[in-house]
Structure formats: C-alpha cells, structure tokens
Amino acid sequence: HVSSYANLVLLNKTYSSMESKRWNRARRAFLNEQRKKGSLQCFYCYKSELKINTSGRADQATVDHYIPKSGGGDKFSSSNFVVCCHSCNQRKGNMTPQEFLDSDYIKKKRS
C-alpha cells in the first residue's frame, strides 16, 4: 500500500512537470507569434509595447486564457489565448472576458 501511494505521488509529480513544460512551450510560441505580427498590446487595457523577456512586471507580456480554464477554456489551445499585461492577467483571474471588461478596474485603466 505504501509503495503504491509513493508511485502515485511520483506519477503525479511527473505529469505536473510535463504539463508545465507543455504550457511554457505553448505560451512562448504564442507570444513570439504575436510579436512577429506587431507590437505586443494588452487585449484588455490596450497597454502597448509589452515585452516578452523583461525583469519588470509592469511591461511584461503574459498570456491570458480568454475563456478561463475553470470555465471550460482550453488550457493549451492558442485559440483561447490573448496577449495581456501582467496586472490585467492578475486581476482577471477566473472572470469571464465580459465580466472583466465591465469591471471598474478596466474602465479606470482605459480612461
């Protein structure tokens, strides 16, 4: 019984690591593709000139799941990705796009 539990924990760690690597590859590919199309701009607040590799979070381009994973959005499909600044990504959380666009946070940030 202990051995099977240890194997289960090890398998879970391995799966989690593989999923994390898959997400990082998908995220990097999407951001590089978007950068080739032009300037990286936040889908929600319109902040432009975002950067992929930066030490400062204020100008960091992130990938947001347009339809949240918790709402059934595909975790790895680029059709569910939008470029997003770090602060909008943190604030949006599990909100639907419309809930976030209607929020006071975005209204204030856009004005």
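Buried means under 20% relative accessible area, exposed means over 50%, and partly exposed lies in between (1.4 Å probe, protein chains only). Keep that scale at hand for the exercises below.

This is a predicted model, in which local features need pLDDT of at least 70 and side-chain atom pairs count only at pLDDT 80 or more, while totals for chains, interfaces and linings use all residues. Residues are numbered from 1 along each chain as its sequence is written, and side-chain values use heavy atoms, with hydrogens and water left out.

**Exercise 1. Find the partner of Glu 33 in a salt bridge, and say how exposed each of the two residues is.**

Step 1. Start with the rule: a salt bridge needs a side-chain nitrogen of Lys or Arg within 4 Å of a carboxyl oxygen of Asp or Glu. Side chains of opposite charge can pair when their charged atoms come close.

Step 2. Glu 33 pairs with Lys 37, and their closest N and O atoms are 3.7 Å apart.

Step 3. Now place the pair. Helices (H or I, at least four residues) and strands (E, at least two) are DSSP runs, numbered from the N terminus. Because Glu 33 and Lys 37 are 4 residues apart in helix H1, about one helical turn separates them.

Step 4. Glu 33 has a relative accessible area of 40%, so it is partly exposed. Lys 37 reaches 63% and therefore counts as exposed.

**Exercise 2. Which salt bridges link distant parts of the chain?**

Step 1. The count by the rule comes to 4 salt bridges.

Step 2. One of them joins the side chains of Glu 19 and Lys 75, at 3.0 Å from N to O. Glu 19 sits in helix H1 and Lys 75 in the loop between S1 and strand S2 (81-85), 56 residues apart. Glu 19 is partly exposed because its relative accessibility is 24%, and Lys 75 is also partly exposed, at 24%.

Step 3. Another joins Lys 92 and Asp 64, at 3.2 Å from N to O. Lys 92 belongs to helix H2 and Asp 64 to strand S1, 28 residues apart. With a relative accessible area of 1%, Lys 92 is buried; Asp 64, at 4%, counts as buried too.

**Exercise 3. Describe the largest pocket and its lining.**

Step 1. On a 1 Å grid over the protein atoms alone, a pocket is an open set of points where a 1.4 Å probe fits, with protein on both sides within 12 Å along at least five of seven lines; lining residues have an atom within 4 Å of a point.

Step 2. The largest pocket holds about 180 Å³ of space, a volume being the space filled by probe spheres set on grid points joined across faces, edges and corners.

Step 3. Its lining includes Trp 23, Asp 64, Lys 75 and Lys 92. Strand S1 (61-65) and helix H2 (86-92) are the elements that give two or more residues to this lining.

**Exercise 4. Which residues that are not glycine have a positive phi in the loop between H1 and S1?**

Step 1. Tyr 46 has a positive phi of about 75° and lies in the loop between H1 and S1. Its relative accessible area is 47%, so Tyr 46 is partly exposed.

Step 2. Glu 49 has a positive phi of about 60° and is found in the loop between H1 and S1. At 54% relative accessible area, Glu 49 is exposed.
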